[in-house]
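Subject: Structure handover

Hello,

I am passing on a structure for you to look at. My notes on what was found follow below it.

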Amino acid sequence: MPMAVEVLVVESNPLHRRFLIEFLRRQPGTALMGVASTLDEALAICRARRPNLVVASLSPVLRHGLEIIRAFKDCLPEAHIVVLLDMDDERYRQAALDQGATFCVAKTALRWQLGPTLEGLQHEATPSVGERS
């Protein structure tokens, strides 16, 4: 039986944040646990709601880029972290995976990569699309 994916969205850009919220609301088996635009807001939601998935854009607004992945893993060691990349750069993707990200999804391919990634997490299997460490 598929598990429920309880998602925290962390995105500083209001337009991207709105798109992610609407996209996730249309995904079966996905519950939106919270939305944050800063790292401090995101960590407070992590502690209070304990989502099993964090979908986070790595933005300078959120603090120190790749270091936020470690902050999420420290707060929620069992959670999956999906990093949204502005550019699909292999070096940055690998650096995010090395820091503890579960998957990396390019924002330009969000519609095609995030849905299968969520479905894979629901079935606790490796998604057919996206990158896994």
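Helix H5 and its surroundings

In H5, the buried residues (under 20% relative accessible area with a 1.4 Å probe and protein chains only; exposed is over 50%, partly exposed in between) are Leu110, Gln113, Leu114, Gly115, Thr117, Leu118, Gly120, Leu121 and Gln122. This is a predicted model, in which local features need pLDDT of at least 70 and side-chain atom pairs count only at pLDDT 80 or more, while totals for chains, interfaces and linings use all residues. Residues are numbered from 1 along each chain as its sequence is written, and side-chain values use heavy atoms, with hydrogens and water left out.

The buried residues of H5 pack against strands S1 (5-10), S2 (30-36), S3 (53-57), S4 (80-85) and S5 (103-106), and against helix H1 (14-25). Contact here means heavy atoms within 4.5 Å. Helices (H or I, at least four residues) and strands (E, at least two) are DSSP runs, numbered from the N terminus.

H5 covers residues 110-122, and its end C-alpha atoms are 18 Å apart, in agreement with the 18 Å expected for 13 residues at 1.5 Å a residue. That expected span is 1.5 Å times one less than the number of residues.

Cysteines

The whole structure has 0 disulfides, a disulfide being a pair of cysteine sulfur atoms within 2.5 Å. The sulfur closest to that of cysteine 46 belongs to cysteine 75 and is 4.5 Å away, too far for a bond. Cysteine 46 is buried at 0% relative accessibility, and cysteine 104 is buried at 0%.

Regards
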